[in-house]
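This report describes how one protein chain is arranged. Look at the sequence and the model first, then read on.

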Amino acid sequence: MFTFETRDQKEVRRLRIAQFNGRTATVRSSGAVVTGHVRSIAPSKSGGPAAWTITIIVKQPKAPTLLRPAPRIRALVEDCREAAE
């Protein structure tokens, strides 16, 4: 999980929409780029201007998937030829 605080209302709105729609969100904070699902957005209890604490469940990058083997058309053609003979 990744937790950070922001005072940017536009960013909070974008993250709330992503949370509501179940989409992943990408956030840049302290030089780090984090992508994941927004778990919670809570107002911060600090006495200054409005701030929010945001928690994101980090999405792990997908492992490369292995491609399926190519279809065996030659074997099919050979079987058809044998059946015709």
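Two strands are said to pair if DSSP finds at least two bridges between them. By that rule, strand 1 and strand 4 are paired: five bridges join them, in the antiparallel sense. The model is a predicted one.

**The chain as a whole**

The chain has two helices and four strands. Read from the N terminus, the order of these elements is β-α-β-β-β-α. The chain is 85 residues long, and 22% of these residues are buried. Of the contacts with a separation of 6 or more, 41% are between residues 24 or more positions apart.

**The sheet**

In general, the strands of a sheet are paired through backbone hydrogen bonds, and the pairing is either parallel or antiparallel. Here the four strands make an open sheet in the order 1-4-3-2, and the pairing is antiparallel. Strand 1 (2-6) and strand 2 (24-29) are the edge strands, each with pairing on one side only. From one strand to the next, the twist averages 50°.

The order can be followed pair by pair. Strand 1 is joined to strand 4 by five bridges. Strand 4 (residues 52-58) is in turn joined to strand 3 (residues 32-43) by seven bridges, and these two strands run antiparallel. Strand 3 also pairs with strand 2, over six bridges and again in the antiparallel sense.

Single residues that face each other across these pairs are listed in the table.

| Residue | Partner |
|---|---|
| F4 | I54 in strand 4 |
| I41 | I54 in strand 4 |
| A42 | T53 in strand 4 |
| G36 | V58 in strand 4 |
| A25 | G36 in strand 3 |

Two residues appear twice in the table. I54 is the bridge partner of F4, and I54 also stands opposite I41. G36 is the partner of A25, and G36 is bridged to V58 in strand 4 as well.

**Strand 2 and the turn after it**

In a regular strand, side chains alternate between the two faces of the sheet. Strand 2 shows this alternation: the side chains of A25, V27 and S29 point to one face and are buried. Those of T24, T26 and R28 point to the other face and are not buried.

Strand 2 and strand 3 form a hairpin, with two residues between them. S30 lies in this loop, and in the turn S30 has a positive phi of about 55°. Is S30 buried or exposed? S30 counts as exposed, because its relative accessibility is 80% and the cut-off for exposed is over 50%. The C-alpha atoms of S30 and F4 are separated by 9.5 Å, although the two residues are 26 residues apart along the chain.

**A buried residue in strand 4**

T55 is part of strand 4. Its relative accessible area is 11%, so T55 is buried, the cut-off being under 20%. Which residues is T55 in contact with, leaving aside its neighbours within four places in sequence? They are M1, F2, T3, H37, V38, R39 and S40.

**A buried charge in helix 1**

E11 belongs to helix 1 (residues 9-21). E11 is buried, yet it has no salt bridge. The nearest side chain of opposite charge is that of R14, 4.0 Å away. What does the side chain of E11 make a polar contact with? The partner is the side chain of T6, at 3.1 Å. Apart from neighbours within four places in sequence, E11 is in contact with F4, T6 and V27. V27 is one of the buried residues of strand 2, and F4 is the residue bridged to I54.

**The loop after strand 4**

Between strand 4 and helix 2 (73-84) there is a loop, and Q60 is found in it. Q60 has 60% relative accessibility and therefore counts as exposed. Along the chain Q60 and T35 are 25 residues apart, while their C-alpha atoms are separated by 8.4 Å.

**Summary**

The chain forms an open sheet of four strands in the order 1-4-3-2, together with two helices. Among the residues described, T55 is buried and E11 is buried, whereas S30 is exposed and Q60 is exposed.

Technical notes
Residues are numbered from 1 along each chain as its sequence is written. This is a predicted model: local features need pLDDT of at least 70, side-chain atom pairs count only at pLDDT 80 or more; totals for chains, interfaces and linings use all residues. Side-chain values use heavy atoms; hydrogens and water are left out. Axes are lines fitted to C-alpha atoms, for helices over the stretch in contact, and angles run from 0 to 180 degrees between N-to-C directions. Buried means under 20% relative accessible area, exposed over 50%, partly exposed in between (1.4 Å probe, protein chains only). Lys and Arg count as positive and Asp and Glu as negative; His and the chain ends are not counted. A polar contact is a pair of N or O atoms within 3.5 Å; within protein, one must be able to donate a hydrogen and the other to accept it, and residues adjacent in sequence count only if both atoms are side-chain atoms. Contact means heavy atoms within 4.5 Å.
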